[in-house]
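Colleague: Hey, can you walk me through this one? I'm new to reading structures, so plain words please.

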Amino acid sequence: MAAYLEIADDSKGHELSLFCVPKHYEEDLDSVIIPNGLIKDRTERLARDIVRDMGGHHIVALCVLKGGYKFFADLMDYIKTLNQNSDKSVPLTVDFIRLKSYSNDQSTNCVKVIGGDELSALAGKNDQSTNCVKVIGGDELSALAGKNVLIVEDIVETGKTMETLLKLLNECHPKMVKVVSLLVKRTPRSSGYRPDYIGFEVPDKFLVGYALDYNEYFRDLSVSVSSCSVLFCSYLI
Ligand code: 5GP
């Protein structure tokens with residue numbers, strides 16, 4: 001089972017006033033749950049574990065936008081640093097897709113794939129099997145055939161989004177697929193799905209910051225992950 005750093009349910013987080021939070025968000029946030037430095041340190045170790053396990057082969061790192069972009073950028077930097085400073089290195093290419101399964105602060109059963117002929121074809125299949133999960137953009141998923149794919153996600157809540165994406169990817173016959181998620185939520189709504197690599201296991205709160213949004217707001221909280229009071233969410237700086 002994947003190791004992770006646990007943020008306890010009774011953790012109060014850190015007082016907002018101790019951090020640099022943009023003025024326009026001060027009223028909306030509860031506390032800082034995971035400071036930026038801790039995210040970075042944990043990400044560095046995830047990079048090491050991933051290179052150890054997948055490092056023998058070319059990796060295609062697939063960033064799940066938009067929430068995954070900060071974690072993806074930091075993780076890629078750490079993998080590149082390992083590549084530059086080791087006798088063994090792994091070729092790394094990147095691609096980006098967008099999944100939509102969230103409306104306001106409610107996870108839905110709905111995920112769709114849009115864009116590109118191949119993706120549209122897969123979207124049709126997906127609609128039938130899982131109601132709707134939206135995948136937007138990215139090269140054709142069929143280009144991943146025979147490749148070692150690392151899916152990079154921001155947060156897994158119910159696990160339905162990732163299970164749907166994995167089903168779609170497996171139809172394209174990649175050689176290996178691993179999933180790394182910065183956060184996994186401890187929630188009774190979980191399907192039981194667990195990623196291969198996990199940064200932090202977090203309480204069942206709505207989290208924003210470090211590119212995680214609430215209806216597009218809070219992505220510009222570049223520093224950490226937090227919980228918001230107005231929207232009942234928490235803040236990752
Ligand atoms: P799942 O399908 O695992 O329930 O949901 C995964 C997606 O829901 C994530 O990729 C993310 O977009 C969204 N999500 C789940 N929990 C949170 C949260 O606490 N904060 C934010 N900003 N998004 C979340």
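Modeller: Sure, one term before we start: a residue counts as buried under 20% relative accessible area, as exposed over 50%, and as partly exposed in between. Also keep in mind that this is a predicted model.

Colleague: Okay, so is F96 buried, exposed or partly exposed?

Modeller: F96 has a relative accessible area of 36%, so it is partly exposed. F72, on the other hand, is buried at 5%.

Colleague: Why bring up F72? How many aromatic pairs are there in the whole structure?

Modeller: A search turns up 1 aromatic pair. It's formed by F72 and F96: their ring centres are 5.3 Å apart and the planes sit at 65°, which makes the pair edge-to-face because that angle is over 60 degrees.

Colleague: And where do F72 and F96 lie?

Modeller: F72 is in helix α2 (residues 69–84) and F96 is in strand β4 (residues 92–100), so the pair ties together parts that are 24 residues apart in sequence.

Colleague: New topic. How many helices and strands does the protein have?

Modeller: It has 4 helices and 14 strands. Of its 237 residues, 49% are buried.

Colleague: Which strand is largely enclosed by the rest of the structure?

Modeller: Strand β9, residues 148–156, is one: 9 of its 9 residues are buried, so the rest of the structure largely encloses it.

Colleague: What does β9 pair with?

Modeller: Strand β3 (residues 59–65) runs parallel to β9, and 5 bridges join them. Strand β10 (residues 176–185) also pairs with β9 in the parallel sense, over 8 bridges. Try finding V152 in β9: C63 stands opposite it, and in β10 its bridge partner is V180.

Colleague: How does the chain get from β9 to β10, then? What unit do they make?

Modeller: Helix α4, residues 160–170, goes with them: β9, α4 and β10 make a right-handed β-α-β unit.

Colleague: Nice. Last thing: what's the average pLDDT?

Modeller: The protein averages 79, and 73% of the residues score at least 70. Over residues 111–131, though, pLDDT is below 50, and that stretch still has 51 contacts in the model beyond near neighbours in sequence. Residues 229–233 also stay under 50, with 17 contacts beyond four places in sequence.

Colleague: So how should I read the predicted coordinates where pLDDT is low?

Modeller: Where pLDDT is low, they should not be read in detail.

Terms used: Residues numbered from 1 in each chain as written. Predicted model: local features only at pLDDT ≥ 70, side-chain atom pairs only at ≥ 80, totals over all residues. Heavy atoms only, no water. Buried < 20%, exposed > 50% of the residue type's maximum accessible area, 1.4 Å probe, protein only. Helix = DSSP H or I, 4+ residues; strand = E, 2+ residues; numbered from the N terminus. Pairing = 2+ DSSP bridges. Right-handed = clockwise from strand over helix to strand, strands pointing away. Phe/Tyr/Trp six-rings, centres within 6.5 Å; stacked < 30°, edge-to-face > 60°. pLDDT = per-residue confidence, 0-100. Contact = heavy atoms within 4.5 Å.
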